[in-house]
Amino acid sequence: MHVTVMGTGYVGLVTGAGLADLGLTVSCTDVNDEKIRSLQDGQIPIYEPGLEEIIRRNRERGRLAFSTRLPEAIRNCLVVFVAVGTEAGPDGLPDLRQVWAAVDMIAESADGYKIVVIKSTVPVGTARRLADRLRQRPPGAPQFDVVSNPEFLREGSAVEDFFHPNRIVIGTLSDRAAAVMKDIYRPLYLIQTPFVFTTPESAELIKYAANSYLAIKISFINELANLCDAIGPSADVHVLAHALGLDPRIGSKFLHPGPGFGGSCLPKDSRALVRIAAAYGCPLRTVGAAVEVNERQFERVIEKLRQGLGSLPAKTVAVLGLAFKPNTDDVRESRAVRICEVLRREGCLLQVFDPAAMASARRLLGEDGMGYCSEAYEAVKNADATVFCTEWNEFRNLDLQRLKQHMRGDVLVDAKNILDPAAAKRWGFRYFGMGRSA
Ligand code: UDX
């Protein structure tokens with residue numbers, strides 16, 4: 001079967017490469033010539049473990065191609081996956097212009113029946129509206145079915161998630177489209193991935209609800225970490241999270257306190273769900289509260305630094321970790337970047353290091369007051385304080401003695417609780433964790 005993927009962002013690229021690996025013939029297209037040219041040259045625009053390998057393998061086998069020639073790709077395929085960007089617009093809802101444009105292009109190029117699969121995260125009701133638009137074609141024009149098939153890929157483990165998903169959600173009113181989708185994902189069905197067949201509206205809502213639930217869980221544990229801080233050293237959020245997680249109704253995942261969640265999905269989707277629900281006259285107060293808590297959580301990190309350093313102006317602060325989470329170079333809505341911006345405004349000099357996100361962070365933060373370093377020990381040189389913002393594995397194994405020797409000061413703010421507080425104290429640090437102390 002031939003499929004076309006529109007959009008070679010992180011979702012489109014992983015989906016396209018993954019589908020090719022499942023044995024389909026995939027044409028990945030994009031309106032950006034330059035991006036397609038560099039993909040044709042074998043360059044992968046994002047840092048995603050395992051992706052380069054499956055792209056290379058499937059190109060060699062002739063199952064994966066990159067192209068800007070969309071009409072040709074559409075004519076050659078039965079199914080078109082729409083994975084274009086839906087960044088939030090000024091009203092907090094996704095900007096759907098690229099989705100509408102994509103669907104119009106499909107309608108113009110199609111020479112026969114096509115199944116249009118919406119991968120991009122879009123508000124409830126969008127798939128149905130797109131289907132209505134496609135139905136308003138002149139008599140005799142090709143027929144279309146629309147499917148909502150949300151992605152649940154985690155950045156940093158997207159390839160693994162593609163091949164071992166927790167579930168595949170297929171929202172469509174067409175039996176024919178549902179059967180084709182099942183056929184596409186058959187290899188995953190054979191390894192017992194649960195399939196959820198439902199309406200487009202439920203499928204669209206599942207995506208928002210999943211991310212909002214995760215957001216609630218994180219904001220919940222972050223507030224409890226703040227409470228532990230208020231109670232003092234006798235309360236430890238880690239012990240609390242561990243004990244909470246042992247109850248299977250709660251579960252241990254997503255109970256790690258920190259500076260708040262970031263990235264391209266959780267903040268955007270939870271804000272959007274609040275707006276979507278409000279538009280239906282049905283406020284989602286729990287999600288709204290999770291968003292609000294998250295917007296302020298990073299301030300705790302600034303406060304801990306201020307507490308440790310006395311005052312912030314003219315202090316040198318080393319920031320370790322800039323990506324919104326480990327194993328990615330993505331800095332979208334990264335709390336680390338937000339922390340850098342505020343510290344710089346307060347007059348701090350920053351020395352920063354991230355194993356993957358240096359270039360992307362530099363584009364956001366520029367040069368002013370920033371020292372970009374090539375490794376962690378360089379970043380902490382003569383620093384008054386060090387703050388860990390992303391839980392990269394290589395940070396967990398840093399030599400604390402060496403770190404201390406390189407620094408001028410003794411303040412260690414562990415915004416991701418990745419260090420052993422007692423060990424930090426032993427090496428002479430004043431340790432500030434989130435909801436736990438030395
Ligand atoms: C997320 C969802 O997990 C995925 O299912 C969805 O489809 C897209 O969004 P991703 O963006 O890769 O995936 O991020 P994720 O790993 O889920 O983490 C999001 C944020 O939450 C990060 O900033 C992370 O640091 C933070 N987080 C996560 C916490 O602060 N505490 C936790 O316990 C877990």
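How many bridges join strand S1 (residues 2–6) to S2? Select both strands and look: there are five, and the two strands run parallel. Strands like these, and helices too, are DSSP runs numbered from the N terminus, with at least two residues (E) for a strand and at least four (H or I) for a helix. Two strands count as paired if DSSP finds at least two bridges between them.

Before you go on, remember that this is a predicted model, where local features need pLDDT of at least 70 and side-chain atom pairs count only at pLDDT 80 or more, while totals for chains, interfaces and linings use all residues. Residues are numbered from 1 along each chain as its sequence is written, and side-chain values use heavy atoms, leaving out hydrogens and water.

**Stop 1: around S2**

Click His2 and you'll find Thr25 of S2 standing opposite. Now add helix H1 (residues 10–21): together with S1 and S2, H1 makes a right-handed β-α-β unit. Right-handed means that, with the strands pointing away from you, the path from the first strand over the helix to the second runs clockwise.

Next, select strand S3 (residues 64–67), which is joined to S2 by four bridges and runs parallel to S2. One pair to pick out is Val26 with its bridge partner in S3, Leu64. S2 (residues 25–29) is mostly covered, with four of its five residues buried (under 20% relative accessible area; exposed is over 50%, partly exposed in between, using a 1.4 Å probe and protein chains only).

**Stop 2: Asn211**

Jump to helix H10 (residues 200–231), where Asn211 is found. Is Asn211 buried or exposed? Asn211 is buried, because its relative accessible area is 10%. Leave aside neighbours within four places in sequence, and Asn211 is in contact (heavy atoms within 4.5 Å) with Cys265, Leu266 and Asp269.

**Stop 3: the six-stranded sheet**

Now show the open sheet whose six strands go in the order S11-S10-S9-S12-S13-S14, with parallel pairing. At the edges sit S11 (370–372) and S14 (430–432), each pairing on one side only.

Zoom in on S12 (residues 385–388) and S13 (residues 411–414): four bridges join these parallel strands, and Ala385 has Val411 as its bridge partner in S13.

Finally, turn on helix H13 (residues 285–309), which lies across S9 (316–320), S12, S13 and S14, running at about 165° to S13. For such angles, axes are lines fitted to C-alpha atoms, for helices over the stretch in contact, and values run from 0 to 180 degrees between N-to-C directions.
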